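This briefing is written for a student who is learning to read a protein structure. Please keep the sequence and the three-dimensional view open while working through the points below.

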Amino acid sequence: MLPNNKIPEHLRSWSVPWPLYMPTFATPPELQPGPGLDASVAAGWAEPAFFPAVNDWPQRQAAALIPFQVVGGRPRNPSGRTGYTGRRLGRWGENQAADPIVTTGAGADRRVLLIRRDDCGQWAIPGGMVDPGETVPAALVRELREETGVDLAGYRAQILTTTYVDDPRNTDESWVVSTVAHYRLPETSPATAGSDALEARWWPFADLDTLLVAVADGGGRLYAAHRRLLGLCGGGR
Ligand code: RP5
Ligand code: MG
Ligand code: MG
């Protein structure tokens, strides 16, 4: 996966003129017009190529969790320039995700349920995209069940935030906004990796900082975009 281009901070905002801005085209073959895209659309995880398929921007803007502009018929990432154009995600504009942070225990025994992502090998919150027509609470429960086998039915969610996620797939025209919820469970329950997870494990919160640098133990780093989200309930940095 490509890292986000480094855009100088003072040039990120769309309100700062940058006449020579030349973002890199980042759309992978499976999302470019042709059989690959047809297969991705048929598989249900992608919408069709840009024009004329997407002409409902007023509705999308009204439904957006974070307001964004459309300029010349193209959506603009509300966090500013990314250095990339095109899309690596299923939808143009805002892609809504749900991230369940599931913890147990207290103090030194406090643990959090993480998965290792199959696209980058890094440890991450077991989150995923909200399906069309699905509610966020339903997506939180479904994604956790699919990726870890743990059932949240009967547990109350504490919504922590709705936030832009600094996902490496973001581009100027397609980005992730997630609803992050915290669930406290009385004890750890067996976790089994499924869907797009390679492993599922209850990590001690105290180890999260080590995770950022340790590549031992079959692990990998903590998915950078989730460091801040885990910090919202006391983990990460
Ligand atoms: C992150 O990617 C979100 O925070 C969420 O955890 C996840 C959604 O994408 P998939 O796991 O469905 O690839 O941006
Ligand atoms: Mg996922
Ligand atoms: Mg998933």
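E143 and E147 both belong to helix α3, four residues apart, which is about one turn of the helix. An α-helix has 3.6 residues a turn, so residues three or four places apart point the same way. In this predicted model, E143 and E147 are the protein donors of the magnesium ion (ligand 3).

**The two magnesium ions**

- The OE donors from E143 and E147 lie 2.2 to 2.3 Å from the magnesium ion (ligand 3).
- E143 has a relative accessible area of 7%, and it therefore counts as buried, because buried means under 20%.
- E147 is likewise classed as buried, with a relative accessible area of 1%.
- The magnesium ion (ligand 2) has as its protein donors G127, through O, and E147, through OE, at 2.2 to 2.3 Å.
- G127 and E147 come from distant parts of the chain, 20 residues apart: G127 is in the loop between β7 (123-124) and β8 (128-129), while E147 is in helix α3.
- Both G127 and E147 are buried.
- A distance of 3.3 Å separates the magnesium ion (ligand 2) from the magnesium ion (ligand 3), and E147 coordinates both.

**Helix α3**

- Helix α3 covers residues 136-148.
- The 13 residues of α3 should span 18 Å at 1.5 Å a residue, and the C-alpha atoms at its ends are indeed 18 Å apart.
- At the start of α3, a side-chain oxygen of T135 comes to within 3.2 Å of the backbone nitrogen of A138.
- Just after α3, G149 adopts a positive phi of about 80 degrees.
- The buried residues of α3 are V136, A139, L140, R142, E143, L144, E147 and T148.
- These buried residues of α3 pack against the strands β5 (93-104), β6 (111-117), β8, β9 (158-165), β10 (174-185) and β11 (197-204).

**The surroundings of ligand 1**

- Ligand 1 is surrounded by D99, R117, G127, G128, M129, V165, D167, R169, V176, D196 and H226.
- G127, already named as a donor of the magnesium ion (ligand 2), also has a polar backbone atom 3.2 Å from an oxygen atom of ligand 1.
- R117 places a polar side-chain atom 2.9 Å from an oxygen atom of ligand 1.
- In the side chain of D167, an N or O atom is 2.5 Å from an oxygen atom of ligand 1.
- On its own, ligand 1 has 360 Å² of accessible area, and the protein covers 93% of it.

**A buried loop residue, N77**

- N77 is located in the loop between β3 (74-76) and β4 (84-85).
- Is N77 buried or exposed? With a relative accessible area of 0%, N77 is buried.
- The side chains of N77 and Y164 are joined by a polar contact of 3.0 Å.
- A polar atom of the N77 side chain also lies 3.0 Å from the backbone oxygen of T171.
- Beyond its neighbours within four places in sequence, N77 is in contact with W14, T82, Y164, N170, T171, D172 and W175.

**Exposed residues between β10 and β11**

- The loop between β10 and β11 contains P186 and S195.
- P186 counts as exposed because its relative accessibility is 65%, whereas exposed means over 50%.
- P186 touches T104 and Y155, residues up to four places away in sequence not being counted.
- The C-alpha atoms of P186 and G105 are 7.1 Å apart in space, although these residues are 81 residues apart in sequence.
- S195 is exposed as well, with a relative accessible area of 55%.
- S195 has a positive phi of about 55 degrees, although it is not a glycine.
- Most residues other than glycine have a negative phi.

**The chain as a whole**

- The protein chain contains five helices and 11 strands.
- Of its 237 residues, 46% count as buried.
- Among contacts between residues at least 6 apart in sequence, 71% join residues at least 24 apart.
- The accessible surface of the protein chain is about 11600 Å², and 55% of it belongs to carbon and sulfur atoms.

Note on methods
Residues are numbered from 1 along each chain as its sequence is written. Chains are lettered from A and ligands numbered from 1 in the order in which they are written. This is a predicted model: local features need pLDDT of at least 70, side-chain atom pairs count only at pLDDT 80 or more; totals for chains, interfaces and linings use all residues. Side-chain values use heavy atoms; hydrogens and water are left out. Helices (H or I, at least four residues) and strands (E, at least two) are DSSP runs, numbered from the N terminus. Buried means under 20% relative accessible area, exposed over 50%, partly exposed in between (1.4 Å probe, protein chains only). A polar contact is a pair of N or O atoms within 3.5 Å; within protein, one must be able to donate a hydrogen and the other to accept it, and residues adjacent in sequence count only if both atoms are side-chain atoms. Contact means heavy atoms within 4.5 Å. Donors are N, O and S atoms within 2.8 Å of the metal (3.2 Å for Na, K and Ca); water is not among the atoms, so sites may look incomplete. The expected span of a helix is 1.5 Å times one less than its number of residues. A residue is near a molecule or strand if one of its heavy atoms lies within 4 Å of it. Accessible areas come from the Shrake-Rupley method with a 1.4 Å probe; for residues, only the protein chains shown count as cover.
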